[in-house]
Amino acid sequence: MKSFDVVVIGAGPGGYIAAIRCAQLGLSTACVESWLNDEGKPALGGTCLNVGCIPSKALLDSSHHFSHIKHEAGSHGINVPGITIDVNKMIERKNKIVQTLTQGIAGLFRKNKVEWLQGHAKLISGDQIEVAPVGEGSAEPYVVTAKNIIIATGSVPVNIPPAPVDDELIVDSAGALKFNDVPRRLGVIGAGVIGLELGSVWSRLGSQVIILEALDVFLGPVDRQIANEAEKVFRKQGLDIRLGAKVTGTGSNNREVTVTYEDTKGKQQLIVDKLIVAVGRKPNIEGLGATDVGLNIDEQGFINVDNNTLTNLANVYAIGDVVRGPMLAHKASEEGIAIAERIAGKPGHMNYDVIPWVVYTWPEIAWVGKTEQDLKADSTEYQTGVFPFAASGRARAMGETTGMVKMLSDANTDRVLGVHIFGPSASELITEAVIAMEFDASAEDIARTIHAHPSLSEAMHEAALAVDKRALHI
Ligand code: FAD
Ligand code: NAD
């Protein structure tokens with residue numbers, strides 16, 4: 001029987017990063033992964049690389065280029081008559097990016113001497129795992145032992161009874177990444193991150209997109225000022241966002257889907273060519289044998305862990321989407337690094353208060369720390385600095401004048417408590433705020449830091465100056 005210092009279950013951004021870091025630290029490490037791609041071939045990378053972060057961003061980039069050329073290029077004096085879209089080529093490009101990156105992880109495993117145990121892992125005890133190889137010509141199941149186990153089995157889409165996914169007309173996020181043409185009418189259930197990102201992709205390519213959101217409020221977790229601005233802009237872009245819409249049923253006739261829902265006006269009906277169900281994700285412990293070995297699971301199906309991601313079983317840890325906290329790739333990866341370091345006897349570090357979020361619409365929405373409504377709710381005294389991109393020279397030069405940077409700092413200490421951006425490249429700009437908050441910076445620290453001119457980052461500088469009511473360009 002093979003034995004390892006560490007066996008990681010799952011090779012998504014939590015598991016594969018944990019495995020590489022364990023191996024870098026000299027621990028003998030294996031990673032069990034069962035993913036089979038659309039060709040039935042084993043693949044590493046989990047949800048993020050195969051059907052999540054990366055393929056969605058590839059399509060967001062392609063569709064952004066298309067939309068930009070169609071609607072904006074003319075203002076630069078660039079005329080592109082008769083612009084068309086080849087959806088199959090766009091999907092092929094996305095598939096190649098996924099293939100390159102997932103194969104890259106296999107290369108990183110080889111380089112770092114992480115052994116990939118291809119197959120499905122089932123816990124037999126707190127230090128034994130059965131691996132059942134999957135896919136074509138798979139071998140017999142076998143058992144390995146581990147001094148430490150890291151569970152990183154991720155999450156899967158939530159299904160709702162009124163809209164069962166059939167992978168043809170009604171799809172989940174994975175299905176929405178491989179349409180072979182642009183649906184004329186596209187319905188989306190859920191105006192969350194996936195609904196907005198994938199809704200934007202197909203809307204930019206020409207679909208009429210209707211998004212049904214159960215809640216009355218748009219993007220509840222986002223700072224209200226930013227969410228309200230974003231809602232206006234997205235509606236103007238053509239997304240038909242219907243709030244307070246409770247889906248009651250769907251029916252399909254192999255050509256189109258009829259969706260019934262209720263809102264304040266009563267019973268409503270919608271007919272679309274495709275329907276994406278994007279109502280959240282749930283932890284994945286399917287076939288893991290978690291309860292058989294006595295792992296503590298909460299009522300929503302998450303594996304219970306302490307602050308150090310230790311489960312109730314000795315030397316069994318869990319990280320990423322399968323445990324509490326935001327379901328984000330970088331959160332999973334950082335937990336993976338932290339636990340690898342702790343297993344190796346080092347002080348692994350994870351700051352849950354400073355995790356950035358990004359919604360990759362255009363303009364993008366990015367934030368870190370507290371929203372203004374959070375600060376009001378816990379009666380924190382705060383001060384605010386807002387700077388619009390319309391007043392930024394670089395944003396003007398780029399033709400990207402929508403949105404703003406908003407900074408919130410403690411009224412007594414000036415420590416930065418939250419930064420919220422709606423604007424171009426917000427996903428990149430937010431990192432400055434993340435670093436500032438990681439080092440407990442004040443708004444004045446950012447205001448005293450020299451920012452290159454002309455750059456979008458000057459909007460961050462000006463928002464910091466605005467906290468002290470001394471912005472220079474508004
Ligand atoms: P996963 O990536 O889900 O990986 C878990 C792996 O474990 C899978 O490969 C699975 O096959 C394997 N596994 C499960 N059970 C077993 C078992 N018993 N034996 C062997 N293997 C097993 N996050 C971001 O931060 N940024 C984004 O831009 C972003 N975009 C997204 C877009 C979409 C469309 C979706 C769906 C998600 C997106 N996410 C994004 C979320 C991100 O994908 C997840 O937070 C991240 O993948 C979680 O990583 P993980 O390692 O915990 O789990
Ligand atoms: P989400 O939680 O972001 O949004 C789901 C939305 O669906 C919510 O607004 C919710 O109110 C709504 N909803 C729930 N049930 C509904 C119903 N029956 N009818 C209508 N609306 C309903 O979830 P998601 O968009 O599915 O994404 C799942 C997770 O994946 C995200 O929370 C995030 O953690 C991760 N993700 C991250 C990124 C990113 O970082 N850019 C991108 C995609 C996904």
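A disulfide is a pair of cysteine sulfur atoms within 2.5 Å. The exercises below apply to a predicted model.

**Exercise 1.** Determine which cysteines a disulfide joins, and describe the link.

*Solution.*
1. A search of the whole structure yields one disulfide.
2. Its partners are Cys48 and Cys53, with an S to S distance of 2.5 Å.
3. The angle about the S-S bond is -130°, and the link of Cys48 and Cys53 is left-handed.
4. Cys48 is buried, at a relative accessible area of 10%, whereas Cys53 is partly exposed, at 27%.

**Exercise 2.** Explain why Cys31 forms no bond with the closest cysteine sulfur.

*Solution.*
1. The closest cysteine sulfur to that of Cys31 belongs to Cys22.
2. The two sulfurs are 9.9 Å apart, which is too far for a bond.
3. Cys22 is in no disulfide.
4. Cys22 is buried, with a relative accessible area of 0%; Cys31 is buried, also with 0%.

**Exercise 3.** Describe how the protein surrounds ligand 1.

*Solution.*
1. Ligand 1 is surrounded by 39 residues, the closest being Glu33, Thr47, Lys57, Ala121 and Ala329.
2. By character, the shell divides into 17 nonpolar, 18 polar and four charged residues.
3. A polar side-chain atom of Glu33 lies 2.6 Å from an oxygen atom of ligand 1. For a polar backbone atom of Gly14, the distance to a ligand 1 oxygen is 2.9 Å, and for an N or O atom in the His330 side chain, 3.3 Å.
4. Alone, ligand 1 exposes 1,000 Å², of which the protein buries 94%.
5. Among the elements that give two or more residues to the shell are strand S2 (29-33) and helix H7 (329-343); the largest share, four residues, comes from H2.

Methods:
Residues are numbered from 1 along each chain as its sequence is written. Chains are lettered from A and ligands numbered from 1 in the order in which they are written. This is a predicted model: local features need pLDDT of at least 70, side-chain atom pairs count only at pLDDT 80 or more; totals for chains, interfaces and linings use all residues. Side-chain values use heavy atoms; hydrogens and water are left out. Buried means under 20% relative accessible area, exposed over 50%, partly exposed in between (1.4 Å probe, protein chains only). A residue is near a molecule or strand if one of its heavy atoms lies within 4 Å of it. A polar contact is a pair of N or O atoms within 3.5 Å; within protein, one must be able to donate a hydrogen and the other to accept it, and residues adjacent in sequence count only if both atoms are side-chain atoms. Accessible areas come from the Shrake-Rupley method with a 1.4 Å probe; for residues, only the protein chains shown count as cover. Ala, Val, Leu, Ile, Met, Phe, Trp, Tyr, Cys and Pro count as nonpolar, Asp, Glu, Lys and Arg as charged, and the others, Gly among them, as polar.
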